[in-house]
Amino acid sequence: MAFEEEYNMLDKRIHLQDTITVSLEFLGFVEYDPNEHGLVHQYSCWCYNFLGTGRGAYVMGNREITVGAGGGILIPPYTRHALYNPGPQKMQLLYMGFDCNCFSFIGSLVRSTDTEDIIEINHALSKSYYTKSFHQKLNGLLCQLGISKDKETLEDCRLTLMEDLLKMYDFCHSWYKKRTPANPDAFLIQDAKNIIMHNLSRNISIQELSKALYVSPRKLTSKFLELTGMSFKDYSQMLKMEQASRLLYSSGKNVSEIAEELGFCDIHYFSRRFKDYYGCSPSALRKKGDQGGA
């Protein structure tokens with residue numbers, strides 16, 4: 001086809017150039033004994049938890065959301081929360097974090113301490129046929145993990161879960177799009193996150209980051225507060241602490257090596273910041289992970 005003919009067909013074509021990617025950030029299985037409490041934490045990505053047995057109580061701000069066996073909960077990015085098992089049964093939990101390069105729809109939810117929106121979207125999810133089918137699959141996986149506690153079992157289902165999480169992302173996107181105007185500045189934060197994640201070995205400054213993103217430091221600072229409820233410094237620290245926990249759980253590196261990899265020259269300072277964030281030392285978190293805790 002001649003170039004002129006192809007050019008003349010533009011009025012007959014709808015073409016989308018932007019690529020949307022969804023990634024599985026983490027995936028895990030954990031058991032909580034009755035009255036056992038987890039750490040207070042937050043993620044820079046979406047997190048979905050499914051309970052196979054027992055009950056889980058999620059504390060978010062001044063609210064508590066209880067999820068029973070066979071139920072799940074979607075936790076938006078930057079939502080500070082803690083989980084405990086009120087008993088009387090042992091609780092088995094499958095958790096997964098997923099991220100997307102298209103977060104323009106999250107609007108004010110991620111910077112709000114009010115949990116009403118979280119409750120509302122989880123109620124909508126629980127009514128969908130898709131979620132019921134997803135839960136049946138997760139329940140089967142939990143039954144296998146409860147017996148084998150084998151990492152290979154989780155590894156084998158990663159691609160399948162990615163497909164299901166993509167459907168969940170699509171559901172969330174549609175739900176929020178009806179409620180919240182698109183915010184193009186959310187793409188700015190996603191780009192900033194990508195740059196920070198590729199420079200975790202050093203302490204990148206707001207000036208460097210703003211230069212890479214072609215915005216002023218003042219605007220970028222205000223957008224971090226507006227869209228995440230956090231300062232740039234706190235946001236960068238959160239990403240480093242998240243990566244630290246991943247390395248503690250999944251690598252054989254010692255605490256000094258992890259601290260150096262994340263740009264901390266002083267291991268004692270790293271340990272203090274880690275404890276401020278997770279409520280325990282790096283070595284205690286690794287020990288808890290080895291014992292099957294979270």
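Okay, look at Gly 56: its bridge partner is Val 67, over in strand 4. Strands here are DSSP runs of E with at least two residues, and helices are runs of H or I with at least four, all numbered from the N terminus. One step along, Ala 57 has Thr 66 of strand 4 as its bridge partner.

Quick note before I go on: this is a predicted model, so local features need pLDDT of at least 70, side-chain atom pairs count only at pLDDT 80 or more, and totals for chains, interfaces and linings use all residues. Residues are numbered from 1 along each chain as its sequence is written, and side-chain values use heavy atoms, with hydrogens and water left out.

Back to the strands. Strand 3, residues 56-60, runs antiparallel to strand 4, and 5 bridges join them. Two strands count as paired if DSSP finds at least two bridges between them. Strands of a sheet pair through backbone hydrogen bonds, either parallel or antiparallel. These two make a hairpin with 2 residues in between, and Gly 61 in the turn has a positive phi of about 65°.

What does strand 3 pair with besides strand 4? Strand 6, also in the antiparallel sense, over 3 bridges. There, Val 59 has Ala 82 as its bridge partner. Put together, you get an open sheet of 3 strands in the order 4-3-6. Strand 4 (63-67) and strand 6 (82-84) are the edges, each pairing on one side only. From one strand to the next, the twist averages 25°, going by lines fitted to C-alpha atoms (for helices, over the stretch in contact), with angles from 0 to 180 degrees between N-to-C directions.

Is strand 3 mostly covered or mostly open? Mostly covered: 4 of its 5 residues are buried. Buried means under 20% relative accessible area, exposed means over 50%, and partly exposed is in between, using a 1.4 Å probe and protein chains only.

Now the helices. The largest nonpolar core has 35 residues, and Leu 220, Phe 224 and Phe 274 are among those touching the most other members. A nonpolar core is a set of buried Ala, Val, Leu, Ile, Met, Phe, Trp, Tyr and Cys residues joined through side-chain atoms within 4.5 Å. Which helix gives the largest share of this core? That's helix 9, with 8 residues. Beyond its neighbours within four places in sequence, Phe 274 is in contact (heavy atoms within 4.5 Å) with residues including Met 241, Leu 248 and Pro 282. Apart from that core lies another one, of 25 residues, among them Phe 29 and Trp 46.

What about disulfides? A search of the whole structure finds 0, where a disulfide is a pair of cysteine sulfur atoms within 2.5 Å. For Cys 47, the nearest cysteine sulfur belongs to Cys 45, 6.7 Å away. Cys 47 counts as buried because its relative accessibility is 2%, while Cys 265 counts as exposed because its relative accessible area is 86%.

Last stop, Ser 283, in helix 12, residues 282-290. With a relative accessible area of 47%, Ser 283 is partly exposed. Its C-alpha is 8.9 Å from that of Asn 254, though the two are 29 residues apart in sequence.
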